[in-house]
Amino acid sequence: MNVLHLLTEIEKHDPEVYGRLDSRRTAMRQFAGIGKKLAAAAVPVAFGSMFRKAYGQTTLTVLEVLNYALTLEYLEAEFYTTALAKSGLIPAGASVSAIQTISTHETQHVAFLRTAITAAGGMPVAKPTFDFSGGSGSGTGPFKDAFNSYQLFLAVAQTLEDTGVRAYKGQAPNLLGKGDVLTAALNIHSVEARHASHVRQMNRAAGFAPTVKPWITGDDPGLGTNNALVAANYAGEGTVSQATINITNIGGQMISSGAASESFDEPLSRDQVLVIIKPFIKA
Amino acid sequence: MNLFSSNKTAGSPSEEGLPRAMHRRNFLRFAGASAAATTLLVVAACNKDDDMTTPGGSTGTSVNLGTGDIGILNYAYALEQLEAAFYIQVIQTQYTGITAAETAMLTDIRDHEVAHREFFKAALGTMAIAGLTPDFTSINFTNRASVLGAAKAFEDLGVSAYNGAGKLIKDATYLTLAGKIVSVEARHAAYIRNLISSGSFANSEVIDANGLEIHKDPAAVLAIAGKFVKNTIDFSGLPK
């Protein structure tokens with residue numbers, strides 16, 4: 001996080017920013033100088049408190065986005081820590097190593113978002129009680145064997161990662177003009193995409209999804225018999241039109257409709273995502 | 001269809017038009033409040049704004065990306081041109097020992113990058129920079145390690161570039177489009193990295209201790225990308 005850039009960027013849109021942040025401009029300048037020396041972990045605290053003082057309503061919107069993201073990260077983080085604690089679920093070696101890498105990132109995202117939310121004067125939402133069976137607390141939903149079946153575990157992991165990418169992408173417009181908050185969200189978004197790509201490669205290598213690719217073709221989850229369970233997560237991914245431009249064979253190039261759909265990932269709104277994850281939260 | 005200007009007469013940047021006081025950045029911000037239909041009108045007006053640096057009007061080997069959101073889109077277009085040219089060459093002159101699976105995936109990636117390139121070209125229309133001349137002399141296309149090393153560099157660079165440019169974008173539609181592309185680049189990056197070293201899809205070279213991707217601003221990106229292009233890329237007009 002670069003506080004100086006953040007302030008400079010805001011100042012372009014709002015010349016009064018220093019006045020809003022603090023009536024004494026010199027004090028703010030001093031703060032900006034200190035910002036250079038702040039440890040990375042302290043920076044979210046610093047800018048969050050400034051925003052709390054400066055922009056009441058804007059902060060609320062950003063906080064809503066961050067708390068929504070936090071809820072998704074809680075879900076992912078607990079899913080992986082639960083799976084890693086289940087002996088014999090994930091094959092030793094490269095597989096468990098990769099899931100550990102992903103799990104570590106999700107846990108880091110939870111910590112990062114909690115820190116940023118608190119610093120912005122918000123209250124991080126509490127972690128819900130999850131039902132990873134997708135049974136709204138019954139424990140008997142369609143994914144009830146996700147921690148017993150490696151195939152089902154990887155199917156859920158792929159779906160969670162692909163959905164996480166869509167969820168963050170859907171929030172980008174809400175963070176337009178929010179400087180480093182937007183950058184942080186984008187920097188999480190691409191990590192989720194790397195995870196999604198890797199889990200897809202694991203699914204293919206394990207033979208569970210022999211044709212699935214690191215990218216999403218059409219609106220096909222690529223998970224065979226499990227496709228029906230996750231159709232909503234992939235709805236709309238198959239679009240081949242971007243900003244009214246048809247990507248298939250664009251510019252006279254041989255671009256198939258499959259490649260056209262793969263070339264662009266599609267966002268999901270918060271409402272869409274909340275419907276999808278509702279069964280995973282114990283009522 | 002041209003996102004910015006379907007008006008065939010809108011290509012002359014030197015025409016007298018709207019008052020100079022109405023700065024181009026304000027046009028773009030205004031454009032952000034509306035859909036593509038309004039954007040047509042807005043950018044047609046921008047073409048008459050002599051405050052702007054004219055993209056596509058480059059002479060010799062120098063290419064000016066332009067200003068504002070158009071500059072950012074041209075920045076993305078420049079990077080996609082490089083990536084597309086690279087993968088076209090990879091598929092044309094495949095490295096020794098390439099597997100069928102690798103050929104299939106690298107062909108997919110080529111198609112994605114060509115689609116991205118053509119999308120920006122179509123979207124920018126008359127505002128698009130010229131085609132760049134790549135310089136891949138440092139890459140040995142017959143050698144797997146050389147090709148995959150370059151692919152990794154391009155993909156990681158692309159992700160860091162889009163992530164770093166996001167906050168410079170004023171229009172929500174463009175921001176979302178960039179978001180739609182960057183995650184595909186990240187999927188590529190993870191695949192290429194695993195080809196080089198299994199499990200390196202998201203290692204500490206590209207992810208920081210908070211679990212966030214490490215982003216780069218245009219100056220840092222073009223310092224690296226510039227080694228692979230013969231043109232001089234002038235990015236002085238980009239928002240900071």
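**Exercises on a predicted two-chain model**

**Exercise 1.** Work out how helix 8 of chain A and helix 5 of chain B are oriented relative to each other.

*Solution.* Helix 8 of chain A and helix 5 of chain B turn out to be roughly antiparallel to each other, and the steps below show how one arrives at this in a model that is predicted.
Step 1: Two packed helices are described by the angle between their axes and the distance between the axes.
Step 2: For helix 8 (residues 180–205) of chain A and helix 5 (residues 144–165) of chain B, the angle is about 150°, and the axes lie 9 Å apart.
Step 3: Angles over 145 degrees count as roughly antiparallel, and therefore the two helices receive that description.
Step 4: The handedness can be added, since the crossing of helix 8 of chain A and helix 5 of chain B is right-handed.

**Exercise 2.** Identify which residues meet where helix 8 of chain A packs with helix 5 of chain B, and sort them by character.

*Solution.*
Step 1: Helix 8 of chain A contributes Thr183(A), Leu186(A), Asn187(A), Ser190(A) and Arg194(A), which meet Asp156(B), Val159(B), Tyr162(B) and Asn163(B) of helix 5 of chain B.
Step 2: Sorted by character, the residues of this contact comprise three nonpolar, four polar and two charged.

**Exercise 3.** Describe the salt bridge between Glu237(A) and Arg166(A), and locate its partners.

*Solution.*
Step 1: The side chains of Glu237(A) and Arg166(A) meet at 3.4 Å, N to O.
Step 2: Glu237(A) belongs to the loop between helix 9 (231–234) and strand 1 (241–242) of chain A, whereas Arg166(A) belongs to helix 7 (residues 150–171) of chain A, so that the pair, 71 residues apart, links distant parts of the chain.

Technical notes
Residues are numbered from 1 along each chain as its sequence is written. Chains are lettered from A and ligands numbered from 1 in the order in which they are written. This is a predicted model: local features need pLDDT of at least 70, side-chain atom pairs count only at pLDDT 80 or more; totals for chains, interfaces and linings use all residues. Side-chain values use heavy atoms; hydrogens and water are left out. Axes are lines fitted to C-alpha atoms, for helices over the stretch in contact, and angles run from 0 to 180 degrees between N-to-C directions. Helices (H or I, at least four residues) and strands (E, at least two) are DSSP runs, numbered from the N terminus. Angles under 35 degrees count as roughly parallel, over 145 as roughly antiparallel, 65 to 115 as roughly perpendicular and the rest as oblique. A crossing is left-handed if the near helix is turned anticlockwise from the far one by less than a right angle, and right-handed if clockwise. Contact means heavy atoms within 4.5 Å. Ala, Val, Leu, Ile, Met, Phe, Trp, Tyr, Cys and Pro count as nonpolar, Asp, Glu, Lys and Arg as charged, and the others, Gly among them, as polar. A salt bridge is a side-chain nitrogen of Lys or Arg within 4 Å of a carboxyl oxygen of Asp or Glu.
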